[in-house]
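Work through the exercises below with the sequence and the structure in view. Each task is followed by a solution in steps.

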Amino acid sequence: MRRILIAFLLMLLAACETVPITGRQQISIHGAAEMNALGAREYRRIIDESDVVSGTREARLVSEVGNKIKNAVANYFSQNGQSDLLKGYRWEFRLIDDDEPNAFCLPGGKVAVYTGILDITQTEAGLAVVMGHEVAHAIANHGSERMSQTLLVDLAGAALSVAVADEDTTTQVALQTAFGFGSALGVLLPFSRLHESEADRLGLIFMAMAGYDPHEAPKFWRRMAAAKKEEGGEGFEFMSTHPSDETRVKDLENAIVEAMTYYHVPGRSQVAQPSTPQKQRKRRLAD
Ligand SMILES: [Zn+2]
């Protein structure tokens, strides 16, 4: 038993990863290749069961904004010698016809936006808030971390030998719990407060890198809070009460200061901070 325990602790040490930019340490038992394969499989299943919108202006916008953010982040990592972080990602950005104001991501860069959230995003920059947030969940490997946490809780509770002998089933259960898929259309359990806050912070930075003004984020969340008051539906990622809307908007306002240091307007080689009318004019010219 002691040997198993030592092996277990060594595994945990080896499974420590660092979230890019925030530098937070996280546990990640499953390899990236395994997580990406699971994410791709689950995404395919949801896409097959959903009403995917293609060829419309909105569907094109979802794909365009997603790719813009993804490319900006890839550029940033490449300039910082961190291209490895995105190895194995196969990005997809799809629009699903569903009235719920929601969006989700799965490991390996599989993102979907529901048509129901477009009334709340309203503008391209509003959509960039949602997609920056989802890209952040993917890049920060939150799915993998949550799955590891679920697995650890299971392992701690169960007899270790049984769990290891039956690893396939355990992994399956952990995956389902981690992503909370239940009904025909993938309904996700809200991420933890920590993951949400981190995705908000990174999402702001990522949208800024792609040339979207992060000041749009608190505006979007205020509209989301108003919609939630009207409709309820707290089981969804974007209706989640954690963190509370008040805290979320306040945190976002603080995070804007950090995100503005990454704000990059396409066509300009330098980081731009359009805080003065003169700079704003320049920005419009650059557009
Ligand atoms: Zn989220």
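## Exercise 1: Asn36 and its surroundings

Asn36 is found in helix 2 (residues 32–49); helices (H or I, at least four residues) and strands (E, at least two) are DSSP runs, numbered from the N terminus. This is a predicted model, in which local features need pLDDT of at least 70 and side-chain atom pairs count only at pLDDT 80 or more, while totals for chains, interfaces and linings use all residues. Residues are numbered from 1 along each chain as its sequence is written, and side-chain values use heavy atoms, with hydrogens and water left out.

Task: Determine whether Asn36 is buried or exposed, and which residues Asn36 is in contact with beyond its neighbours in sequence.

Solution.
- Step 1. The terms are set by relative accessible area: buried is under 20%, exposed is over 50%, and partly exposed is in between (1.4 Å probe, protein chains only).
- Step 2. Asn36 has a relative accessibility of 14%, so Asn36 counts as buried.
- Step 3. With contact taken as heavy atoms within 4.5 Å, and neighbours within four places in sequence left aside, Asn36 is in contact with Lys87, Gly88, Tyr89, Pro107 and Gly108.
- Step 4. The C-alpha atoms of Asn36 and Leu106 are separated by 8.2 Å, although the two residues are 70 apart along the chain.

## Exercise 2: two more buried positions

Task: Describe the surroundings of Gly132 and of Glu198.

Solution.
- Step 1. Gly132 is found in helix 5, and at 0% relative accessibility Gly132 counts as buried.
- Step 2. Not counting residues up to four places away in sequence, Gly132 touches Ile69, Gly203 and Phe206.
- Step 3. From C-alpha to C-alpha, Gly132 and Gly203 are 4.2 Å apart in space, with their positions 71 residues apart in sequence.
- Step 4. Glu198 lies in helix 9 (residues 193–209) and is buried, with a relative accessible area of 7%.
- Step 5. Leaving out residues up to four places away in sequence, Glu198 touches Val19, Thr22, Arg24, Ala140 and His142.

## Exercise 3: salt bridges

Task: How many salt bridges does a search of the whole structure find, and which parts of the chain does the pair Glu92 and Lys110 tie together?

Solution.
- Step 1. Side chains of opposite charge can pair when their charged atoms come close. A salt bridge is a side-chain nitrogen of Lys or Arg within 4 Å of a carboxyl oxygen of Asp or Glu.
- Step 2. The search of the whole structure finds eleven salt bridges.
- Step 3. Glu92 forms a salt bridge with Lys110, and the closest N and O atoms are 2.8 Å apart. Glu92 lies in strand 4 (residues 92–96) and Lys110 in strand 6 (residues 110–114), so the pair ties together parts that are 18 residues apart in sequence.
- Step 4. Both Glu92 and Lys110 are buried. A network of salt bridges links Arg44, Glu92, Arg94 and Lys110.
- Step 5. Glu253 and Arg222 meet through their side chains in a salt bridge (2.9 Å, N to O). This pair links distant parts of the chain, with Glu253 in helix 11 (residues 245–260) and Arg222 in helix 10, 31 residues apart.
- Step 6. Glu253 counts as partly exposed, at 37% relative accessibility, and Arg222 counts as partly exposed at 44%.
- Step 7. Lys219 and Glu216 also meet in a salt bridge (3.3 Å, N to O). They are three residues apart in helix 10 (residues 216–231), so about one helical turn separates them.

## Exercise 4: helix 5 against helix 10

Task: At what angle do the axes of helix 5 and helix 10 cross, and which residues meet?

Solution.
- Step 1. Axes are lines fitted to C-alpha atoms, for helices over the stretch in contact, and angles run from 0 to 180 degrees between N-to-C directions.
- Step 2. The axes of helix 5 (residues 124–139) and helix 10 come within 9 Å and cross at roughly 85°.
- Step 3. Helix 5 is therefore roughly perpendicular to helix 10, since angles under 35 degrees count as roughly parallel, over 145 as roughly antiparallel, 65 to 115 as roughly perpendicular and the rest as oblique.
- Step 4. Ala125, Gly126, Val129 and Val130 in helix 5 meet Glu216, Ala217, Phe220, Trp221 and Arg223 in helix 10.

## Exercise 5: confidence

Task: Where does pLDDT stay under 50?

Solution.
- Step 1. pLDDT is the predictor's confidence in each residue, from 0 to 100. The protein averages a pLDDT of 79, and 70% of the residues score at least 70.
- Step 2. pLDDT stays under 50 over residues 180–188 and over residues 272–287.
- Step 3. Where pLDDT is low, the predicted coordinates should not be read in detail.
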